[in-house]
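Colleague: I would like to learn how to read a structure like this one. Could you take me through it, one feature at a time?

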Amino acid sequence: DGALRWLCGEAEGAGEPPKPPAYAPPPPLPLASVALRVNGKTRRLPAALVGGMTLAEYLREHELLTGTKLSCREGGCGACTVLLRLPGEAAPTPANACLRLLVACDGCDVTTVEGLGDSQRPHPFQAALANHDGSQCGFCSAGMVASMASLLLASPERPPSAEEVEEAFDGNLCRCTGYRRILDAAHSLLRANAAGSAEAVEAAQAAVRTAMAQEHAAQVDIEDLHPLSALPPSSL
């Protein structure tokens, strides 16, 4: 009888079931607002509206920075990796934006892949990755770029070793390339930097920009082939 009462969620013993505790309002939030910088722009958000929102959700849904991807939502794949500089820290570190609550970013600097470079002025690793065909489906690439950029910023006085490069990518999963071309891109960049060949890096970037422009000119947008206005409402 006691086991059955326990399994049914009833109070043990023959006495009256305990009374529910009196309602207590939730404690006040420790912050009135959350202030952070996103790609160099200051944002101040009411803490009451932030709630349990993650950094990744905020970046994608409110800043519209969709380079930061959401996949596993458990911090295991690295697709959501961004650069996060904590208050008082000199250099940023890679962080899983899907796990970090936005309220925990108060006073932080956040840099996404869009803040590192664009197709006209890419970050050196963005250029190297494109030049070595290191991105296939591309879903993991933004996280790869963030991890490599963090590694370069962490050791500006010397190029990272091959072991440090591989360790930096430990939290980034890629199911397309087998990592070989990603590592080739990283090592080519390190060799150019070690040799002091800024011209080589710039030449690689210029080649990538030219290739991207040619590819873009040859592309046909699917919406040009199938305009949304021509589709029946049921298909939208």
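Modeller: Happily! Let us begin with a pair of opposite charges: Arg85 and Asp109 form a salt bridge, with their closest N and O atoms 2.6 Å apart. Keep in mind that this is a predicted model.

Colleague: Which parts of the chain does the pair of Arg85 and Asp109 link?

Modeller: Arg85 sits in strand β3 and Asp109 in strand β5 (residues 109-111), so the pair links distant parts of the chain, 24 residues apart.

Colleague: Is Asp109 buried or exposed?

Modeller: The cut-off for buried is under 20% relative accessible area. Asp109 has 17%, so Asp109 counts as buried. Arg85 counts as partly exposed, at 28%.

Colleague: How many salt bridges does the structure hold?

Modeller: There are five. Another one joins Glu63 to Arg43, where the closest N and O atoms are 2.6 Å apart. Glu63 lies in the loop between α3 (55-61) and β3 (81-85), while Arg43 belongs to strand β2 (residues 41-46), so this pair ties together parts that are 20 residues apart in sequence. Glu63 counts as buried, at 17% relative accessibility, and Arg43 as partly exposed, at 25%.

Colleague: What about a salt bridge inside one helix?

Modeller: Here the general idea helps. An α-helix has 3.6 residues a turn, so residues three or four places apart point the same way. In this structure, Arg180 and Asp184 both lie in helix α8 (residues 180-194), four residues apart, about one turn of the helix. Their side chains meet in a salt bridge, at 3.3 Å from N to O. Arg180 is partly exposed, with a relative accessible area of 46%, and Asp184 is partly exposed too, at 31%.

Modeller: There is also a network to look for: salt bridges that share partners join Arg37, Arg85 and Asp109 into one.

Colleague: Where do negative charges gather on the surface?

Modeller: Look at Glu163, Glu166, Glu167 and Asp170, which gather in a patch of negative charge. One of them, Glu167, lies in helix α7 (residues 162-168). Glu167 is exposed, with a relative accessible area of 56%.

Colleague: Now for the inside. Which residues of helix α5 are buried?

Modeller: In helix α5 (residues 124-131), the buried residues are Phe125, Gln126, Ala127, Ala128 and Leu129. After α5 comes Asp133, and the phi of Asp133 is positive, near 50°.

Colleague: And where is the place of Gly134?

Modeller: Gly134 is in the loop between α5 and α6 (141-154). A loop residue can be checked for burial in the usual way: Gly134 has 2% relative accessibility, so Gly134 counts as buried.

Colleague: Which residues does Gly134 touch, not counting residues up to four places away in sequence?

Modeller: With those set aside, Gly134 touches Leu129, Thr177, Arg181 and Ile182. You can also compare places along the chain with places in space: Gly134 and Tyr179 are 45 residues apart along the chain, and their C-alpha atoms are separated by 7.8 Å.

Colleague: How would you describe the protein as a whole?

Modeller: Its secondary structure comes to 10 helices and five strands. Of the 236 residues, 34% are buried. Among contacts with a separation of 6 or more, 58% are between residues 24 or more positions apart. The accessible surface comes to about 14500 Å², and 56% of that belongs to carbon and sulfur atoms.

Conventions. Residues are numbered from 1 along each chain as its sequence is written. This is a predicted model: local features need pLDDT of at least 70, side-chain atom pairs count only at pLDDT 80 or more; totals for chains, interfaces and linings use all residues. Side-chain values use heavy atoms; hydrogens and water are left out. Helices (H or I, at least four residues) and strands (E, at least two) are DSSP runs, numbered from the N terminus. Buried means under 20% relative accessible area, exposed over 50%, partly exposed in between (1.4 Å probe, protein chains only). Contact means heavy atoms within 4.5 Å. Accessible areas come from the Shrake-Rupley method with a 1.4 Å probe; for residues, only the protein chains shown count as cover. Patches are made of residues with over 30% relative accessible area and no salt bridge: like charges are joined within 9 Å, nonpolar side chains (Val, Leu, Ile, Met, Phe, Trp, Tyr) within 5 Å. A salt bridge is a side-chain nitrogen of Lys or Arg within 4 Å of a carboxyl oxygen of Asp or Glu. Lys and Arg count as positive and Asp and Glu as negative; His and the chain ends are not counted. The place of a charge is taken as NZ of Lys, CZ of Arg, CG of Asp or CD of Glu.
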